Amino acid sequence: MAERIAALVDDPAEPVIEIGPGLGALTLPLARAERRFVAVELDLRLADHVERLLEVHPAARVVRGTS
């Protein structure tokens, strides 16, 4: 399903952005879609968790929100 979500963007140069990845249920499949990927997480603990999930995906990154 995540690959289908990533495929919805017409331009493959555009990143896929996940708002609120939480524990990462969609995060890894989205990152594996071989597109630039950005996860935006406000909760710093969850951002740490998502960063660890994405360590092996160099095109993926986490943006930490400030609350």
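**Figure 1. Overall dimensions of the predicted model.** The radius of gyration of the protein is 11 Å, which agrees with the value near 11 Å expected of a compact globule with 67 residues. This radius is taken over C-alpha atoms, and the globule rule is 2.2 Å times the number of residues to the power 0.38. Along the principal axes, the C-alpha atoms fill a box of roughly 30 × 20 × 20 Å. The model is predicted: local features need pLDDT of at least 70, side-chain atom pairs count only at pLDDT 80 or more, and totals for chains, interfaces and linings use all residues. Residues are numbered from 1 along each chain as its sequence is written, and side-chain values use heavy atoms, with hydrogens and water left out.

**Figure 2. Secondary structure and contacts along the chain.** The protein has three helices and three strands, arranged along the sequence in the pattern α-β-α-β-α-β. Helices (H or I, at least four residues) and strands (E, at least two) are DSSP runs, numbered from the N terminus. Among contacts with a separation of 6 or more, 37% are between residues 24 or more positions apart; contact means heavy atoms within 4.5 Å.

**Figure 3. Surface and charges.** The protein has an accessible surface of about 4,500 Å², and carbon and sulfur atoms account for 58% of this area. Accessible areas come from the Shrake-Rupley method with a 1.4 Å probe; for residues, only the protein chains shown count as cover. The 8 positive and 11 negative charges have mean positions 3 Å apart. Lys and Arg count as positive and Asp and Glu as negative, while His and the chain ends are not counted. Each charge is placed at NZ of Lys, CZ of Arg, CG of Asp or CD of Glu.

**Figure 4. The largest nonpolar core.** Of the 67 residues, 34% count as buried, meaning under 20% relative accessible area (exposed is over 50%, partly exposed in between; 1.4 Å probe, protein chains only). The largest nonpolar core has 11 residues: Val-16, Leu-28, Leu-30, Ala-31, Phe-37, Ala-39, Ala-47, Val-50, Leu-54, Ala-60 and Val-62. At least two residues of this core come from each of helix 2 (27-31), strand 2 (37-41), helix 3 (44-53) and strand 3 (60-64). Helix 2 supplies the largest share, three residues. Such a core is a set of buried Ala, Val, Leu, Ile, Met, Phe, Trp, Tyr and Cys residues joined through side-chain atoms within 4.5 Å. In soluble globular proteins, nonpolar side chains tend to be buried together.

**Figure 5. Leu-28 and Ala-31 in helix 2.** Leu-28 belongs to helix 2, as does Ala-31. Beyond four places in sequence, Leu-28 is in contact with Leu-53, Leu-54 and His-57. With the same exclusion of sequence neighbours, Ala-31 is in contact with Phe-37, Leu-54, His-57 and Ala-60. Ala-31 counts as buried because its relative accessibility is 8%. The C-alpha atoms of Ala-31 and Val-56 are separated by 9.6 Å.

**Figure 6. Val-16 and Ala-39.** Val-16 lies in strand 1 (residues 16-19) and is buried, with a relative accessible area of 7%. Residues up to four places away in sequence aside, Ala-39 touches Glu-18, Pro-21, Val-50, Arg-61, Val-62 and Val-63.
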